[in-house]
Amino acid sequence: MDKYQKINKRQWGKRMNQRDKKIQNKYLLFRIGQEKFGIDIMAVKEIEEKNHFEEMAISPYCKGVMCLGDGKVPIYSLNHKLNPKGVEKEGAKKQRIITRSKDLLLALEVDEVLGVEEIAERDIYNTPSLLKTRSTRYLKLLANIEDELILLLDENNISDEQEYEDIKNAIKKG
């Protein structure tokens with residue numbers, strides 16, 4: 001009986017590792033302007049269609065807050081941050097990806113959610129050091145799917161430290 005339990009635990013551990021590897025390479029892909037981006041699916045809490053929100057001048061990229069459940073969630077415009085030229089995809093319907101950034105729920109506003117994609121490890125690359133700057137800390141990895149570049153974002157580095165503190169304080173007050 002003891003030997004049987006050990007085998008099952010070993011097999012279970014192997015299955016869990018395989019499952020974790022599969023989940024590790026799944027990303028929610030979205031569009032901002034003409035560019036594709038992705039965020040780790042494990043960081044996504046939910047997706048909201050554009051709905052009513054309370055405008056608040058919190059930061060240059062934070063448009064305001066929306067009610068979600070019994071709390072308020074800041075709306076962070078990735079379009080303004082990552083698409084400074086403001087070229088929007090024609091007919092784009094704004095959607096919000098609810099994610100946890102550090103210890104704060106954040107609604108990332110994007111032009112269009114494209115869906116979940118499993119990206120093979122061979123198609124994922126580290127961000128070149130040339131692109132790694134203080135203002136691009138949000139770039140986690142790069143992916144190449146069918147000769148199309150996808151920027152994979154780090155949800156914990158979307159905002160810089162000062163902006164994060166400003167948003168956090170505004171939510172506490174608000």
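**Surface loops, buried strand residues and a helix with a buried side**

P60 counts as exposed, its relative accessibility being 72%. This residue sits in the loop that runs between β4 (54–55) and β5. The model described here is a predicted one. Although 17 residues separate P60 from S77 along the sequence, the C-alpha atoms of the two are 9.0 Å apart in space.

A quick look at the whole chain helps to place such details. The secondary structure of the protein chain amounts to 3 helices and 12 strands. The chain has 174 residues, and 40% of them count as buried. Among contacts with a separation of 6 or more, 55% join residues that are 24 or more positions apart. The accessible surface adds up to about 10900 Å², with 49% of that belonging to carbon and sulfur atoms.

Helix α3 comes next. It takes in residues 161–173, and for 13 residues at 1.5 Å a residue the expected span is 18 Å; the end C-alpha atoms are 18 Å apart, so the two values agree. Which residues of α3 are buried? They are E163, Y164, I167 and A170. The arc that these residues cover around the axis is only 130°, which means that they lie on the same side of α3. As background, an α-helix has 3.6 residues a turn, so residues three or four places apart point the same way. On the face turned away from the buried side, α3 carries the exposed residues Q162, K172 and K173.

What do the buried residues of α3 pack against? Their partners are the strands β5 (62–68), β6 (71–77), β7 (95–101) and β8 (104–110), along with helix α2 (78–82). There is also a contact at the start of α3, where a side-chain oxygen of D160 comes to within 3.2 Å of the backbone nitrogen of Q162. Q162 is one of the exposed residues on the face turned away from the buried side.

Two strand residues with polar side-chain contacts deserve a closer look. The first topic is K36, a residue of strand β2 (residues 35–40). Is K36 buried or exposed? Its relative accessible area is 18%, and a residue under 20% is buried, so K36 falls on the buried side of the cut-off. Its side chain makes a polar contact with the side chain of E148, at 3.1 Å. E148 is also on the list of residues that K36 touches once those up to four places away in sequence are set aside; the others are F30, R31, L114, L149, I150 and L151.

The other residue is T99, found in strand β7. T99 has a relative accessible area of 1% and is therefore buried. Its side chain reaches the backbone oxygen of A43 at 2.6 Å. Leaving out residues up to four places away in sequence, T99 touches A43 as well as I39, V44, K45, L104, L105, L106, L108 and E155. T99 belongs to β7, and β7 is among the elements against which the buried residues of α3 pack.

Back at the loops, the stretch between β11 (139–145) and β12 (148–153) holds E146, and D147 lies there too. Most residues other than glycine have a negative phi. E146, however, has a positive phi, near 50°, and the phi of D147 is positive as well, near 60°. E146 is exposed, its relative accessible area being 78%, while D147 counts as exposed at 75% relative accessibility.

Another loop, between β9 (112–118) and β10 (124–126), is home to E121. With a relative accessibility of 58%, E121 counts as exposed. How far apart are E121 and N25 in space? From C-alpha to C-alpha the distance is 7.1 Å, even though the two are 96 residues apart in sequence.

Finally, there are the cysteines. A disulfide is a covalent bond between the sulfur atoms of two cysteines. The structure holds 0 disulfides. C62 counts as buried, at 4% relative accessibility, whereas C67 counts as exposed, at 57%.

Notes
Residues numbered from 1 in each chain as written. Predicted model: local features only at pLDDT ≥ 70, side-chain atom pairs only at ≥ 80, totals over all residues. Heavy atoms only, no water. Helix = DSSP H or I, 4+ residues; strand = E, 2+ residues; numbered from the N terminus. Expected span 1.5 Å × (residues − 1). Buried < 20%, exposed > 50% of the residue type's maximum accessible area, 1.4 Å probe, protein only. Arc of directions from axis to C-beta. Contact = heavy atoms within 4.5 Å. Polar contact = N/O pair within 3.5 Å; in protein donor to acceptor, adjacent residues only side chain to side chain. Disulfide = S-S within 2.5 Å. Areas by Shrake-Rupley, 256 points an atom, 1.4 Å probe, with all protein chains shown as cover.
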